[in-house]
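Please open the structure in your viewer and keep the sequence panel visible. The tour below proceeds by selections, each followed by an account of what is found there.

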Amino acid sequence: MPSSPPISSLPIPSPLRRFAFATFATMVAGFVDAVGYAHLGGLFLSFMSGNSTRLGIQIAEADRAHAALTACVIGGFVTGAFAGTLVSDRAGEWKLTAILCAEIVLFALAWALVASGVGFAALLPVALAMGMQNSVHQLVAGADIGKSFVTGALFGLGQSLARFVSGRESAGEATAYAASWGSFVAGAAIGTLVLAATGLSAAVGGACLLLVALAALAYAFHGHLLHAVGETGGD
């Protein structure tokens, strides 16, 4: 029997491949944020605006213990962005796959730390991974999607809707932004359900498997995904 053609050779338009990859990446971020929020007492692993607000409140209340924990998560995210940029700048055309493979290693480390009962520090590698992930975002119909946070997506949605109503743009950009936000919410809902049903260790392991699938998608779609943003280390 003839073998099936590889997915990279299938007649799937490149914008559709970028859209699928980016929305999947955002869904993974939502999944991870929900798991981290439940385990860390209201801290996020990819949404640093919320964590920065909490840090300011904790400083004002002289809550040194919680402020130190929040600062560690924020510092981990920044370190991940730093590392992701270095990987992006050095990995050439395979930068997306390289970044995602590095994230898989960090998630595997987090899973091992959770299984060993380390506690809070177990999820710090995940904060690093989420900082790295913003280097894999994509441009689809003018929309910059695939990041691990969605405030910009919601702003972009409102802005692109205004341009669509005024006849300056098609609905494609607004659709991409709406899908990005929706995938984040869906990922958060799935993460919450998985955490409640299976516990933290299985949820982190599940997130690691999702990243494996995302890395496989990046490999399969190689040559169709955009790399220009990553070449300058993201935005």
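Which residues of α2 are buried? Before answering, please note that this is a predicted model.

**Helix α2**

Select residues 48-60, which form helix α2. This helix has 13 residues and reaches 18 Å from its first C-alpha to its last, close to the 18 Å expected at 1.5 Å a residue. Now highlight Met 48, Gly 50, Asn 51 and Gln 58: these are the buried residues of α2. They lie on the same side of α2, because the arc they cover around the axis is only 150°. An α-helix has 3.6 residues a turn, so residues three or four places apart point the same way. Next, add residues 64-90 to the selection; this is α3, against which the buried residues of α2 pack.

**The loop after α2**

Move to Ala 62, which is placed in the loop between α2 and α3. What is the phi of Ala 62? The angle is near 55°, a positive value in a residue other than glycine. Is Ala 62 buried or exposed? With a relative accessibility of 48%, Ala 62 counts as partly exposed, because that class lies between buried, under 20%, and exposed, over 50%.

**Helix α4 and its contacts**

Select residues 95-115 to display helix α4, and within it mark Thr 97. The relative accessibility of Thr 97 is 14%, and this residue therefore counts as buried. To see what Thr 97 touches, show Ala 218 and Tyr 219 as well: Thr 97 is in contact with both, its neighbours within four places in sequence being left aside.

**Helix α8**

Turn to Ala 213, a residue of helix α8. Ala 213 has a relative accessible area of 35% and is partly exposed. Place a distance marker between the C-alpha atoms of Ala 213 and Leu 100; they are 9.8 Å apart in space, although 113 residues separate them in sequence.

**Helix α5**

Select residues 124-133, helix α5, and centre the view on Met 130. At 0% relative accessibility, Met 130 counts as buried. A second distance marker may be set here, from Met 130 to Gly 84: the two are 46 residues apart in sequence and 9.6 Å apart from C-alpha to C-alpha.

**The largest cavity**

How many cavities of 30 Å³ or more are found in the whole structure? The search finds 2. The largest cavity has a volume of about 50 Å³. To outline this cavity, select its lining residues: Phe 31, Val 32, Val 35, Leu 45, Phe 107, Leu 123, Val 126, Ala 203, Val 204 and Ala 207. Two or more lining residues come from each of α1 (14-39) and α8 (200-220). Colouring the lining by class shows 10 nonpolar residues, with no polar and no charged ones.

**Helix α7**

For the final stop, select residues 172-198, helix α7. Its 27 residues should span 39 Å at 1.5 Å a residue, and the end C-alpha atoms are 38 Å apart, which agrees. Mark its buried residues in turn; among them are Glu 173, Tyr 177, Phe 184, Gly 187 and Leu 195. The tour closes at Gly 199, which follows α7 and has a positive phi, near 95°.

Conventions:
Residues are numbered from 1 along each chain as its sequence is written. This is a predicted model: local features need pLDDT of at least 70, side-chain atom pairs count only at pLDDT 80 or more; totals for chains, interfaces and linings use all residues. Side-chain values use heavy atoms; hydrogens and water are left out. On a 1 Å grid over the protein atoms alone, a cavity is a set of points where a 1.4 Å probe fits but cannot get out, and a pocket is an open set with protein on both sides within 12 Å along at least five of seven lines; lining residues have an atom within 4 Å of a point. Grid points are joined across faces, edges and corners, and a volume is the space filled by probe spheres set on the points. Helices (H or I, at least four residues) and strands (E, at least two) are DSSP runs, numbered from the N terminus. Ala, Val, Leu, Ile, Met, Phe, Trp, Tyr, Cys and Pro count as nonpolar, Asp, Glu, Lys and Arg as charged, and the others, Gly among them, as polar. Buried means under 20% relative accessible area, exposed over 50%, partly exposed in between (1.4 Å probe, protein chains only). Contact means heavy atoms within 4.5 Å. The expected span of a helix is 1.5 Å times one less than its number of residues. The arc is that of the directions from the helix axis to the C-beta atoms.
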